[in-house]
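Please consider the structure shown below, beginning with the packing of helices and moving on to the sheets and a loop residue.

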Amino acid sequence: MIDLNEIQESVKSEITRLDEPRNRARYFMYGKAGESDSDGSYSVVFRNAPERVLRDIKYVYEPLFRVGDLFVNGKFEKVSNGVKVTFEKAVLRSSGIDNFNLRQITDFGIDYIMDGRRLTADLLNFLTINSTNPNEIVSSLLDKSVLSDHKEVVAAFAADKLNESQIKAVKKALSQNITFVWGPPGTGKTKTMGALASHLIKNGKRVLLTALSNKALDQLLISTLESASPLNKFNITVARTGSVDNMHDSVKIFSRDIYQNRQYRIKRNAFTWNEHVSLCTCVATNFASLASPKTADPGPVDFVIADEMSMASIPAIIAACYYAKKGVVLGGDPMQLPPIFPDDADKPNAWFSRNIFDMAKVERHDERTAFLDTQYRMQEPIGNLVSDLFYEGELKTGTAKKDIKGTFKSNIVFINCKGKIENINGAVINGTEERRFNEKHAEAIAGITIKLVNNKEFKSEEIGIIAPYNAQIVKIKEVLAKSTELIKINPEYFEQVQVSTIHSFQGQEKSVIIMNICDDEVKPTRLTARKELINVALSRAKELLIIVGNRDYLLNQNYFSKDETEIFKKIIESSEVINSEKL
């Protein structure tokens, strides 16, 4: 039984933790495209900025940035070549930042600091209001009790292009009040939950779809609508709440903007948007907005179907459950990314730092869980490695075999490369310092990338490069640009190669993944050896997985635990091993 008073206290604790800027979410901006310096202000334009920054530009009027180790208020705006950030000189001087240091820091990049206190306060208010409303689903969320009262819907379900484990997942969700859909990478979790949602709304049930990211939410909505087409046949109405700027083009027709534009001939349930949303058969709302009073209230629904829940805070999941009358379906994978917070921040309390699968003691084969057991992304050698390391060999491969031709002879390659870790500002490397880079590794990665593209083995947009640290991302891009200029290839041709941190790659895939374990002969951070992060990095690769690291370092138990070295040993043993000097 969940103690709702304890949950509310945990939310209050989180609000207090977020009062300290270093505990808030950070979004890295880099790639200086230009700068200007006047008597009163300094401006810099960054080519690379996350989606969160682009969204918040419209709503945040006094943004906070981390410049080096200091937190400074400024302004930001969207310009043709990126995001322009402006600081007042007086503010910089009062923070102890001079022109020379500022230029050095912005050559590397700065963090936008998102202030999540308002959303967290909205969550507290929502939970406080609803705590007096009895809800069987909320009460049993962390227990192993299951309510079976939906069997009249099960009989009508017909499998359509689903495999056996996906069909079992749908039927299980239709027959009980709480279902965890455990979806390892490439197993069709979105497709499965979309088929479930479609079946429910075609049978007259109201469904609320939600996910942490707008991208995942729209994918879930699109999957649902594809299975439910044509909508008018089943008298289905849909609402997608939130800003139209954050939506996939194909779902904008269900937005408030289109609803309020009378030039569009769409079915309207009521005269006002809020009432329309409360009457729609299917409502799709971003997870962070569910407790916000600014978001149209979807009202009670039969089922809540939520994706990316292994990354969500448990109090927010509880809030989502209050909307459900009959059942909740929580999709995620506890072996991938957990709730995220900066490594040098104060750790959140357990309700915000542990994932729901862990707190609910979810196992692959317990009665609440539907484990999707077949992946359709990775070639079999890559899939087998992921299965053995993270799923006890229970993840099967459903992809057709594709022969490797060209530079490498195996689907998995380990490039043994000794390097040197340096700090972006020359500071001492310690266990939490993440502004570190390895130029030797960056050179090896640039060489591999250029060879794969020049030999026409893969297109640049088919290649993804994953590194644990922002500083290494900057260094790889810098070295790749210099290398292409040196051999007289247009660097712009390689701009389509995605170079990002592990967290930015969640939910994505590429034909080729180059994974850089760039730490070398230093105390590693948790970003290097945490198994969930390694799983995400390995499982993004469809055809070719290349790992660049120092073999002797990764197998050294002076730096890593026995379990961690066993993971690295398994990766190396499954690979074609090549010394970097032979590339």
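**Helices, sheets and a loop residue**

In this predicted model, Ile7, Gln8, Val11, Lys12, Glu14, Ile15 and Leu18 of helix H1 meet Arg117, Thr120, Ala121, Leu123, Leu124, Leu127 and Thr128 of helix H5. Sorted by character, the residues of this contact comprise 8 nonpolar, 3 polar and 3 charged. H1 spans residues 4–18 and H5 spans residues 117–130; the two pack at an angle of about 165°, and their axes are 10 Å apart. Because angles over 145 degrees count as roughly antiparallel, H1 is roughly antiparallel to H5. The crossing of these two helices is left-handed.

Attention may now turn to the sheets. In one open sheet, 7 strands follow the order E4-E3-E7-E1-E2-E6-E5 with antiparallel pairing. The edges are occupied by strand E4 (70–73) and strand E5 (75–79); each has a single partner strand, so one side of each is left without a neighbour in the sheet. On average, neighbouring strands of this sheet are turned by 40° against each other, direction ignored. Strand E3 (residues 64–67) is joined to E4 by 4 bridges, and the two run antiparallel. Within this pairing, Phe65 has Val72 in E4 as its bridge partner. Helix H4 (residues 99–108) packs on the sheet, where it touches strand E1 (25–37), strand E2 (41–48), E3 and strand E7 (110–114), and its direction makes about 120° with that of E1. Helix H18 (residues 470–486) also packs on the sheet, touching E1 and E2, with its direction at about 45° to that of E1.

Another open sheet contains 6 strands in the order E21-E20-E22-E23-E17-E24, and its pairing is parallel. Here strand E21 (498–501) and strand E24 (576–579) stand at the edges; each has a single partner strand, so one side of each lacks a neighbour in the sheet. The twist from one strand to the next averages 20°. Strand E20 (residues 463–467) runs parallel to E21 and is joined to that strand by 4 bridges, with Ala467 opposite Thr501 in E21. Helix H16 (residues 380–390) lies across strand E17 (412–416) and strand E23 (541–549), running at about 65° to E23.

A single loop residue completes the tour. Asp297 is located in the loop between strand E11 (282–286) and strand E12 (301–307). Its relative accessibility is 48%, so Asp297 counts as partly exposed. Apart from neighbours within four places in sequence, Asp297 is in contact with Asn274, Val277, Ser278 and Tyr323. Asp297 and Thr241 are 56 residues apart in sequence, and their C-alpha atoms are 9.5 Å apart in space.

Key
Residues numbered from 1 in each chain as written. Predicted model: local features only at pLDDT ≥ 70, side-chain atom pairs only at ≥ 80, totals over all residues. Heavy atoms only, no water. Axes fitted to C-alpha atoms, helices over the stretch in contact; angles between N-to-C directions. Parallel < 35°, antiparallel > 145°, perpendicular 65-115°, else oblique. Left-handed = near helix turned anticlockwise from the far one by under 90°. Contact = heavy atoms within 4.5 Å. Nonpolar A, V, L, I, M, F, W, Y, C, P; charged D, E, K, R; others polar. Pairing = 2+ DSSP bridges. Buried < 20%, exposed > 50% of the residue type's maximum accessible area, 1.4 Å probe, protein only.
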